[in-house]
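User: Hello! I would like to go through this model with you and ask how each label is justified.

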Amino acid sequence: METLKISKIFSSTPGPRSRKEGSFSGQQFREEILAPAIKKAIDNNEILIVNIDGTAGYGPSFIEESFGGLIREDHIPYQTLIAHLQIVSIEEPYLIDDANKDMKDAESYSEQLV
Amino acid sequence: MRKAIASNLFRSIVAVLIFAFGFMIGKYKSISPYYFKKDLDLIGIATIFFNVWLAWYISRVIGKRNDIDKKDKEIVLSRLDKIISNYELFITQVHSNSLNYIDVTSFIKRNTSSIERLCKNFSLYHTFDYSNEGKEISAEMKKLLSLMTYTSPNPIPIPNFQEPVTISQNIITYSATRIDEILLKIDTIIDNVIRLQLLINSK
């Protein structure tokens, strides 16, 4: 069971959605850290814990791009993702609900495209 | 100073009036159907002393509680003042239409956590629960965060259409309509904080 603390492993000042918008973006976090880690957890049948506390604050786009992007861009099925991903937060627990909603919405969006 | 002198004068007058009232009552042997017993036994004296002590003790406890409540209110109201002035200052930054992304997210996180913590902690020590009011205000702050930072994952390029939020190198710029929406939301937040101040003040 691996734990990723975003403030330590990535940045204490997470940025906007995409690389073209600025530094420490959600896209950068997903592509460089989150997607490889979740794929590894799925392969090993483990749970990846993502701790989102300790940062200066997140924009909703960062959260959507990081977690929703796993479904939209990395094509990980929603059910597989929620079975292997656990998001934890004491400071901003509502962000866990936001991330879950983003993943569900991304799944609906992907289904519409198919 | 003048208020303290007036208060002391009032107390002295009340004390003199009570003394005069007692003196006049003492002149009477009876006021039908009651009569005054001039001799006092040991238990009577002990009862008088105990009652006086009890009255003094209760008034002291209530007075102390009132002092603590007053001080708590002052602290919370000044913290809420600080949140209002933070947002008023923030309005001038929004008008500049060139905000740093991290400044926006950290500003809103700080103030959201602050209001939630303040209401939760204040409610712990007081009979009225302010946590719902705190949650309502922080929900408005989160809506403001979305208005100020959310960009679409799949922007569709439309000719002559300006995206409400554009971010480049962590600097955000807004369309004129979005600035109006942001200012309106900030006004709502400030109004809600003032309403909370009035609520706390009235309890």
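User: What makes β4(B) and β5(B) count as paired strands, and how many bridges join them?

Analyst: Happy to start there, with a word on the model itself. This is a predicted model, in which local features need pLDDT of at least 70, side-chain atom pairs count only at pLDDT 80 or more, and totals for chains, interfaces and linings use all residues. Residues are numbered from 1 along each chain as its sequence is written, while chains are lettered from A and ligands numbered from 1 in the order in which they are written. Now the strands: a pair requires at least two bridges found by DSSP, and four bridges join β4(B) to β5(B), residues 171-174, so the two are paired, and they run antiparallel. Within this pair, I167(B) stands opposite I172(B). Strands here are DSSP runs of E with at least two residues, helices are runs of H or I with at least four, and both are numbered from the N terminus.

User: Why are β3(B) and β4(B) called edge strands?

Analyst: The order in this open, antiparallel sheet of three strands is β3-β5-β4 in chain B. Strands β3 (99-100) and β4 (165-168) of chain B each pair on one side only.

User: What makes N170(B) partly exposed, and where does N170(B) lie?

Analyst: A residue is buried with 20 or more other C-beta atoms within 10 Å of its own, exposed with 12 or fewer, and partly exposed in between, with C-beta atoms placed from the backbone. N170(B) has 19, so N170(B) is partly exposed. N170(B) is in the loop between β4 and β5 of chain B, and has a positive phi of about 65 degrees although it is not a glycine.

User: What about N97(B): which class does its count give?

Analyst: With 14 other C-beta atoms within 10 Å, N97(B) is partly exposed. N97(B) sits in the loop between α2 (42-96) and β3 of chain B, and its phi is positive too, at about 55 degrees, although N97(B) is not a glycine.

User: Why is S25(A) called buried, and which residues does S25(A) contact?

Analyst: S25(A) has 26 other C-beta atoms within 10 Å, so S25(A) is buried. Contact means that the C-beta atoms of two residues, placed from the backbone, lie within 7 Å. Leaving aside neighbours within four places in sequence, S25(A) is in contact with G15(A), P16(A), R17(A), S18(A) and R19(A).

User: How do you know that the length of α3(B) agrees with its number of residues?

Analyst: The expected span is 1.5 Å times one less than the number of residues. For the 24 residues of α3(B), 101-124, that gives 34 Å, and the end C-alpha atoms are 35 Å apart, which agrees. Buried residues of α3(B) include Y101(B), F107(B), I115(B) and F122(B). Their cover includes α2, β3, α4 (131-149), β4 and β5 of chain B.

User: How does the radius of gyration of chain B compare with that of a compact globule?

Analyst: The radius is taken over C-alpha atoms, and the globule rule is 2.2 Å times the number of residues to the power 0.38. For 203 residues the rule gives a value near 17 Å, but chain B has 30 Å, so chain B does not match a compact globule. The C-alpha trace of chain B spans about 105 × 35 × 30 Å along its principal axes, and 19% of the 203 residues count as buried.
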